[in-house]
Amino acid sequence: MVDRVTVTLILNGERRRFEVPPGRRLLDLLRDDAGLTGTKEGCGAGECGACTVLLDGVPVTSCLVLAASADGREVVTVEGLGSGALHPFQEALVARGGVQCGFCTPGVAVTGAAALARGATGAERVRLLAGNLCRCTGYAKILAALDDAAEGTTDAPA
Amino acid sequence: MPRRDSGARRKAVRSDHGPRTTDHGPLGGCHERPDARAKVAGSTRYVADLALPGMLHAAAAVSPTAAARLVALDTAAARAVAGVVAVLTAADIPGANLVGVIFPDQPLLVADRVRMVGDRLAVVAARSPEAAWRAAALVEATLEPLPAVHDPVAALAAGAARVHDGGNLVKAFRVARGDTRRARADVVVEAVYHVGGQEHAYLEPQGCLAIPEGRTRITIVASCQCPFYVQQAVARVLGLPLAAVRVEQAPTGGGFGGKEDYPSEPAACAAVLAFATGRPVRFVLPRELDMQGSTKRHAMVIRHRWGASRDGRLRFAEVDTVLDAGAYAGISTVVGERANVSAIGPYHVPNVLVTTRVAYTDNLFGGAFRGFGAPQVTWAAEATIDRLARAVGLDPLEFRRRNVLDDRRRRTCTGQLLPRPVLARACLDRAAELAGWDEFHARERAAGPEREGLGIGLALYGCNLHHGGQHLDRSSAVVIVQADGSVVVRVGLTEIGQGNLTACQTIAAQALGVDPAVVQVWQPDTTTVADSGPTVASRGAHASGMAILDAVRRLRARLDPVAAELLGCRPDQVVLANGRAAIAGEPGRSVEVAAVAAEMAARRIEAAATGWYRSRPRRFDAESGLGAPYESYAVACHVAKVHVDAELGLIRVAEVAAAHDVGRVIHRGALEGQIEGGVVQGVGWGTTERLALERGRLANPSFTDYLIPTAADAPKVTIAVLEGAPSGGPFGAKGIGEPSLIPAAAAVRNAVVAALGVEIDTLPLTPPTVVAALGDAHPFAWVAEEENEDARSAAAPASR
């Protein structure tokens, strides 16, 4: 049995190589090996969405992804959502006050950014965000922020 | 001998309006939350994000059964796991093996008897979390089953299995006013309500990091609401003085009461392991264990007998409540105390008899949860109010109008006189208006399987701590003006998502007349502020805000003379506003507050002050339940609109209109956030959040099986804010954390009952509960009847 596997990722736009045990979760690789602790573990079972990251642009719960299976793929975490500045949805979350305890927020930010990237409409946005549990806000300000960001994106000059 | 404070006591509740400022300031506005940017960027460091060189990871071996004698504990296999550094049992605890907050009934590690599933038998420290949990699973306990009791009412009956040697009745409370037996009523309603518990489901699991300094002192960084509780618990298990235990609150990913009393347990475990190994120990609970072992909202059985006159006036109310405390008392008696005096709601009832008993069982133990006993009794009271309205043929809104407390009838069930204005009627009317009550009832509705209903929940919330806990109702603040004019604020109450940093920042900025952006409020640390009691009872903004105002007052005794000198006026003429010190009545002459700060620094004048707050003493007789349990009250009214599928029993809560008596808005965004979040958490409790307990074991300890509302389930929340009723709080503000949740589930229940036309007396309103309540009224009742018939005939021969 091999005790280490090599995993190469395009992590937040940067090519990174990791040597990890074969059973390592992508979540642990990100938090412990890459030092990106913005991605949170809320349940470890793919239920709460706090560990959501983008894998080749698709939101996934990183607690259910084996790090080795992400080899050669592109991963974006909350730290890499905006390029240098905050992503428009992150800015909208701040402006709307869609942040309370903040523990679900990184996952919410990642899912919301993905929803915007794929041009999801109102009901679709709600459905996509239904995979990210939040116990504090009641979701109103999160959804309002997503709408704001979507409008901002639409209005932005090309 | 005349009492010196008797005059002050007679006065109505006064609010602290803070020092004089001329500008409108940030109060009531909606500036950016100070913690939002770091949180959206993912750079806020929670406990699980902290690591130190040499740090070990903790795990716990827990009991799989609810009631047993611990015969033997074999830790050899656990010790043999690679990476394991220590496996500790009860005998290894250096101080007291005790974590009970009020009653000394709960050990940190079981020494002889298991009383609930999840009781800790041993704790492990290892180099990785995986090794620690693998080792914990290998701890072998020989358990000899004991008789168990899981029903709180049965637990109080003669001959029930005893959970503790002293019997199962932890404590009893009552309120007795008038004479309910002799009261005359035209209609009498009797009902028994079974109100279920609730899991907090904060997104961040419980966790802490213990950092020892030899065996002399220790620092604990913890996800918690109450650092001072953690400090006391750790000091006790280590046998250290309080001053040798420093507890720093880590950014905390939600609490809702679940991080009031419980965090003392993981912290005590980590502390014991840290002392034993001499290394930092981090203990983060996996979700399943967190749900299985931590406290829950109390399940209650509530028996009602209420009477009204034909014209719809409440004549008497009898309430008999039994709380399921679970295996340990924890803070259940305090929850019982609040449930007891909250049982009648904001109604004028001349004859009241409330009895509230707290019972031990072998179930998971109950603890603090947003609302603290009030949501359960409110749910029952509002159900009975609707029943009575139907019995006398009145609209539920009109029935409430006839009985609600107002400026003329303003005595609560304990006989406490509310100060004017009493906003119960105003909240009721505003919520009904927002929900379109009259328009809804003017429309005809078809009686198909898709039903619609509107329901009201009305609650009276006692602000801050009950009389029984008033010794804890104090708080400390430190305000430091830096040489550059920026301001450091330290308070003893915690930010757990509810917005206490935002509230404290707003209050300090308002009082100092500066921009909120220059004020930094830092998380509490037990070495920087005095014991400020717990962050509970919606008291955060109130208690920390009042202490901040006191600190600012003391600070200005030194700041104002410096400003006066720079301005060439008397100190009492100095006003602070818009970031400047000015002369009252002469807005033309002013100097920046930052310049005053620089001058204080240059002259070596102390630019720091501490502040203190304590609630007013009040009189309450615990024996009769009469008097003033709370300093002030807040009213909350929710009106829910639901859609019910009468075939499947599925409920969709479409909208909740929420009207709240808040005293004064401190920060609009944070206030709305509390209301929206509280409503949705209350709706979840009332509809889908069922704790599936099987012989004391939680059968659904996951988010797949325990359903909290998602973005797709959350109702639209509309809000009406009513200001102006007195509070005793900073700038006249009242707490909002708990009132935002309390009436929500009751409103939903009443809406569903209105939609279906059958009573439902069990919470939550899961589809099976709704279908069962429909009984013969269910569209397919005949199918169930045939199935039952088949089952009966099939079972009959086998049973012989």
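In this predicted model, the crossing of helices α2(A) and α3(A) is right-handed. The first of these helices covers residues 88–96 of chain A and the second residues 105–117, and their axes come within 9 Å of each other while crossing at roughly 125 degrees. An angle of that size falls outside the ranges counted as roughly parallel (under 35 degrees), roughly perpendicular (65 to 115) and roughly antiparallel (over 145), and the two helices are therefore described as oblique to each other. On the side of α2(A) the residues involved are A:Phe89, A:Gln90 and A:Leu93, and these meet A:Thr105, A:Ala109, A:Gly112, A:Ala113 and A:Leu116 of α3(A). Sorted by class, the contact between α2(A) and α3(A) comprises five nonpolar and three polar residues, with no charged residue taking part.

A second helix pair is found in chain B, where helix α14 (residues 500–512) packs against helix α15 (residues 540–567) at an angle of about 30 degrees, the axes being 9 Å apart. Since angles under 35 degrees count as roughly parallel, α14(B) is roughly parallel to α15(B). The crossing of α14(B) and α15(B) is right-handed. From α14(B) the contact draws on B:Asn500, B:Ala503, B:Cys504, B:Ile507, B:Ala508, B:Ala511 and B:Leu512, while α15(B) provides B:Gly540, B:Ala541, B:Ser544, B:Gly545, B:Ile548, B:Leu549 and B:Val552. In terms of class, 10 nonpolar and four polar residues make up the contact of α14(B) with α15(B), and charged residues are absent from it.

**Domains of the two chains**

Chain A is assigned two domains, domain 1 spanning residues 5–80 and domain 2 spanning residues 88–155. Their C-alpha centres lie 21 Å apart, and 14 residues of domain 1 of chain A are in contact with 12 residues of domain 2 of chain A. Strand β3 (residues 52–55) of chain A gives the most to the domain 1 side of this contact, supplying three residues. That side of domain 1 of chain A, taken as a whole, holds seven nonpolar residues, six polar residues and one charged residue.

Chain B is divided into three domains, of which domain 1 is assembled from 52–146 and 206–284, domain 2 from 300–406, 423–466 and 622–776, and domain 3 from 474–614. Between the centres of domain 1 of chain B and domain 2 of chain B, taken over C-alpha atoms, there are 36 Å. The contact between them takes 18 residues from domain 1 of chain B and 19 residues from domain 2 of chain B. Where domain 1 of chain B touches domain 2 of chain B, its residues comprise nine nonpolar, five polar and four charged.

**The interface between the chains**

How many residues of chain B are in contact with chain A? There are 45 on chain B, and they meet 39 residues of chain A. Two helices of chain B, α2 (36–41) and α17 (668–687), each supply at least two residues of the side that touches chain A. Of the elements of chain B, α17(B) gives the most to that side, with eight residues. The side of chain B that touches chain A includes charged residues, its make-up by class being 20 nonpolar, 15 polar and 10 charged.

**Backbone features of chain B**

Two peptide bonds in chain B that precede a proline are cis, as set out in the table.

| Cis peptide bond | Omega |
|---|---|
| B:Arg420 to B:Pro421 | about -5 degrees |
| B:Leu763 to B:Pro764 | about 0 degrees |

B:Pro421 is placed in the loop between α11 (396–403) and α12 (424–435) of chain B, and B:Pro764 in the loop between β31 (762–763) and α19 (767–774) of chain B.

Positive phi values are also found in residues other than glycine. B:Ala201 has a phi of about 55 degrees although it is not a glycine, and it sits in the loop between β8 (187–195) and β9 (207–213) of chain B. For B:Phe256, likewise not a glycine, phi is positive and near 60 degrees; this residue is found in the loop between β11 (245–249) and α7 (264–277) of chain B.

Are these loop residues buried or exposed? The cut-off for a buried residue is 20 or more other C-beta atoms within 10 Å of its own. B:Ala201 counts as buried because it has 24 C-beta neighbours inside 10 Å, and B:Phe256 counts as buried because it has 29 such neighbours inside 10 Å.

Technical notes. Residues are numbered from 1 along each chain as its sequence is written. Chains are lettered from A and ligands numbered from 1 in the order in which they are written. This is a predicted model: local features need pLDDT of at least 70, side-chain atom pairs count only at pLDDT 80 or more; totals for chains, interfaces and linings use all residues. Domain bounds come from an automatic or database domain assignment. Two residues are in contact if their C-beta atoms, placed from the backbone, lie within 7 Å. Ala, Val, Leu, Ile, Met, Phe, Trp, Tyr, Cys and Pro count as nonpolar, Asp, Glu, Lys and Arg as charged, and the others, Gly among them, as polar. Axes are lines fitted to C-alpha atoms, for helices over the stretch in contact, and angles run from 0 to 180 degrees between N-to-C directions. Helices (H or I, at least four residues) and strands (E, at least two) are DSSP runs, numbered from the N terminus. A crossing is left-handed if the near helix is turned anticlockwise from the far one by less than a right angle, and right-handed if clockwise. A residue is buried if 20 or more other C-beta atoms lie within 10 Å of its own, exposed if 12 or fewer, and partly exposed in between; C-beta atoms are placed from the backbone.
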